[in-house]
Amino acid sequence: MLRPRPSRRRSSPRWIPYYRPQTGRDEIRQVADSIRSGWLTTGPKVGRLEERIGRLVGARHAVAVNSCTAALHMALTACGVGRGDEVVTSPYTFAATGESILYQGARPVFADIVPETLNIDPVAVARAVTRRTRAIVPIHIAGLPCDMEPILSIARRRGIPVIDDAAHALGARFRGRAIGQISDVTCFSFYATKNLTTGEGGMLTTADTRLAERLRRLSLHGLSHDAWKRYARGGTWRYDVVELGFKYNMTDVAAGIGLAQLDRFPVMQRQRRRLARRYGTLLEGCDAFDRPHEVPGTTHAWHLYILRLRPRVLRIGRDALIEHLRARGIGTSVHFLPLHLHSFYRKTLGFRKGDFPRTERESERALSLPLYPGLSTRDQDRVVEALLDLVRRYRR
Ligand SMILES: Cc1ncc(COP(=O)(O)O)c(C=O)c1O
């Protein structure tokens, strides 16, 4: 447990943000280099980032895009999901997972979660699959891999693809295999808060060569092969629109940031893991929270550190706790509000409170603590001290 520090009255304590990107000289050098090179849009650095991410996760192909939302949308398109189809996914997720399904005119069919892991429950997946199911989209919440074996076996039996929403899961492993080489397609996010960032960005990985070619084409208006090179010497001005595509390509400015981040990725992951374990140790004796789960045989990517409040111990709710922490200069967040309970989903798809009770129960008591490589142990101590102090004050 922590040694208590002498309390000092301060009018406004220094702010510990919920998230701070770790960028520096290398990223600035890469961005400046992209600008100097003249490649402001897709160019050689995008290719290099694809090759390195592919190698990192052990996937034959990697296709860069400008967000994970774009990656999910393209993956669903390339797997043939269309109007009237169903896609099984979890309601414990961000808006992007649901909207990418709805963009295709398909319907998200939600399967509830395993409370301990916050990940989709394979038993609920088996129940949710129908003749109209065209894809399963598991989400590796916080960077903890889903239980992939039963999910893949349901999908294989039915002949439907598995598309991972791995927005949180770069660096995660399931039974020795990296997330990114297990499912038919994997979609990563390089958004500003993610373990590796390009500002805005995403990546698809797959082992399927034809699918990868299609994804590459879809990312740039459905233009014929290598259209991104059409302004370079050796490129050709002539192109053909082969199919209806999107404008989802990544820029070389963004890819430069990613290349700089990749050099430090193993170190940043180690720092995340060390801080996550340290939270675990510091909160070990505290009975007011359920701490994040680690599953034997998996490697957690530690994108998020999600605590869950125990209402039987605390007489304060999550929302009030967030306000108390904010007043003490500590930023936190919530991952996630149940997707089915947002007004758009209620109105258009008719979902109601009570539809997915495990998601609702866990979401209501979830609290994400600051977790990023640059978080100092001193600031982490302050987060834990504030939490423990509030537990003392609001114990039943
Ligand atoms: C689970 C999940 N899926 C998808 C996304 C979308 O990622 P992006 O912002 O790169 O589109 C996010 C973003 O935070 C996410 O948390």
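The lining of the largest cavity in this predicted model comprises seven nonpolar, three polar and two charged residues. The residues concerned are E116, T117, L118, I141, A142, L144, P292, H293, H300, L304, I306 and R308. The space enclosed by the largest cavity amounts to about 80 Å³. In total, three cavities of 30 Å³ or more were counted.

One member of this lining, A142, has an unusual backbone setting. Most residues other than glycine have a negative phi. A142 is not a glycine, yet its phi is positive, at about 70°. This residue belongs to the loop that runs between β4 (133-137) and α6 (148-158).

The ligand occupies the space of the second largest pocket. Two elements, α3 (68-78) and α4 (95-103), each give two or more residues to the shell around the ligand. The volume of the second largest pocket is about 650 Å³, and its lining is made up of 35 residues. Of these, F94, H168, Y191, K194 and F336 lie nearest the centre of the pocket. The lining of the second largest pocket divides by class into 19 nonpolar, 12 polar and four charged residues. Both α3 and α4 supply at least two residues of this lining.

The shell around the ligand itself consists of 16 residues, among which T69, D165, H168, S189 and K194 come nearest. By class, seven of the shell residues are nonpolar, seven are polar and two are charged. H168 and K194 thus appear both among the residues that come nearest the ligand and among those nearest the centre of the second largest pocket.

Polar side-chain atoms approach the ligand at several points. For D165, a polar side-chain atom lies 2.7 Å from a nitrogen atom of the ligand. In the case of H168, the partner is an oxygen atom of the ligand, at 2.8 Å from a polar side-chain atom. S189 likewise has a side-chain N or O atom 2.7 Å from a ligand oxygen atom. Considered alone, the ligand exposes 390 Å², of which the protein buries 92%.

A further backbone feature involves F336, one of the residues nearest the centre of the second largest pocket. Most peptide bonds are trans. The bond joining H335 and F336, by contrast, is a cis peptide bond, with omega at about 0°. F336 is located in the loop between α9 (318-327) and α10 (343-349). The two backbone features are therefore departures from what most residues and most peptide bonds show. The positive phi is found at A142, a residue of the lining of the largest cavity, whereas the cis bond leads into F336, which contributes to the lining of the second largest pocket.

Terms used: Residues are numbered from 1 along each chain as its sequence is written. Side-chain values use heavy atoms; hydrogens and water are left out. A residue is near a molecule or strand if one of its heavy atoms lies within 4 Å of it. A polar contact is a pair of N or O atoms within 3.5 Å; within protein, one must be able to donate a hydrogen and the other to accept it, and residues adjacent in sequence count only if both atoms are side-chain atoms. Accessible areas come from the Shrake-Rupley method with a 1.4 Å probe; for residues, only the protein chains shown count as cover. On a 1 Å grid over the protein atoms alone, a cavity is a set of points where a 1.4 Å probe fits but cannot get out, and a pocket is an open set with protein on both sides within 12 Å along at least five of seven lines; lining residues have an atom within 4 Å of a point. A molecule sits in a cavity or pocket if more than half of its atoms lie within 2 Å of its grid points. Helices (H or I, at least four residues) and strands (E, at least two) are DSSP runs, numbered from the N terminus. Ala, Val, Leu, Ile, Met, Phe, Trp, Tyr, Cys and Pro count as nonpolar, Asp, Glu, Lys and Arg as charged, and the others, Gly among them, as polar. Grid points are joined across faces, edges and corners, and a volume is the space filled by probe spheres set on the points.
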